[in-house]
Amino acid sequence: MKTIEEKALEIARLMEEGKGKDISVLDISELNSWTDYFVIVTVNSSAHWQGLYKMVKDYIKSNDLEIHLTNRKSSDGDDWNLIDIGPIVVHLMSQKARNFYELEKLWHAGRKLDYKK
């Protein structure tokens, strides 16, 4: 059986296959109580994030995970889309949002994982 870390790394590799850019995997399990891993991905369009979302959705079906629906305050932008899988949160962000929010700096105390192994 795969660990949650292995699943987070597999999702990162899946995002790379889907042409996601600048992918980061952060282990933040020691920093909070609501999730263990962030997978942060830069996307280049609405169609791109929707395609990556579908890839994640297909992945979780066969890996004993489920998406937790989130409520968005506004539905008028594609700059940042979040997929909450419980112990893993996937952030699909435009380059503009990625530069503005700088999640890696915000969560700098997390352990950065190498998904390319």
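# A tour from strand S1 outward

Select S1 and strand S5 (residues 111–113): the two pair in the antiparallel sense over three bridges. Strands count as paired if DSSP finds at least two bridges between them. Strands themselves are DSSP runs of E with at least two residues, helices are runs of H or I with at least four, and both are numbered from the N terminus. The model on screen is predicted, so local features need pLDDT of at least 70 and side-chain atom pairs count only at pLDDT 80 or more, while totals for chains, interfaces and linings use all residues. Residues are numbered from 1 along each chain as its sequence is written, and side-chain values use heavy atoms, leaving out hydrogens and water.

**Stop 1: S1 and its partners**

Stay on S1 and pick Val 25, whose bridge partner in S5 is Leu 113. Five of the seven residues of S1 are buried, so S1 is largely enclosed by the rest of the structure. Buried means under 20% relative accessible area, exposed means over 50%, and partly exposed lies in between (1.4 Å probe, protein chains only). Now add S2: strand S1 (residues 21–27) pairs with S2 in the antiparallel sense over five bridges. Leu 26 is the residue to click, as it stands opposite Phe 38 in S2.

**Stop 2: S2**

Select residues 37–42, which form strand S2. How many of its six residues are buried? Six of the six are, and the strand is mostly covered. Show the side chains: Tyr 37, Val 39 and Val 41 point one way, whereas Phe 38, Ile 40 and Thr 42 point the other way. Next add strand S4 (residues 88–93), which runs parallel to S2 and is joined to it by six bridges. Val 39 has Val 90 as its bridge partner in S4.

**Stop 3: Asn 63**

Move to the loop between helix H2 (46–61) and strand S3 (80–84), where Asn 63 lies. Asn 63 is buried, with a relative accessible area of 9%. Which residues does Asn 63 touch, not counting those up to four places away in sequence? They are Lys 2, Lys 7 and Glu 10, with contact meaning heavy atoms within 4.5 Å. Lys 2 is 61 residues away from Asn 63 along the chain, yet their C-alpha atoms are separated by 8.5 Å.

**Stop 4: two loop residues with positive phi**

Most residues other than glycine have a negative phi. Select Lys 19, in the loop between helix H1 (4–17) and S1. Its phi is near 70 degrees, a positive value, and Lys 19 is exposed, with a relative accessible area of 57%. Then go to Glu 102, in the loop between helix H3 (95–101) and helix H4 (103–106). Phi of Glu 102 is near 45 degrees, also positive. Glu 102 is partly exposed, at a relative accessible area of 34%.

**Stop 5: the whole chain**

Zoom out and colour by secondary structure. The protein chain holds four helices and five strands, in the order α-β-β-α-β-β-α-α-β from the N terminus on. The radius of gyration is 13 Å, close to the 13 Å that the globule rule gives for 117 residues, so the chain is as compact as a globular protein of that length. That radius is taken over C-alpha atoms, and the rule is 2.2 Å times the number of residues to the power 0.38. Along its principal axes the C-alpha trace spans about 40 × 30 × 30 Å. Of the 117 residues, 43% are buried.
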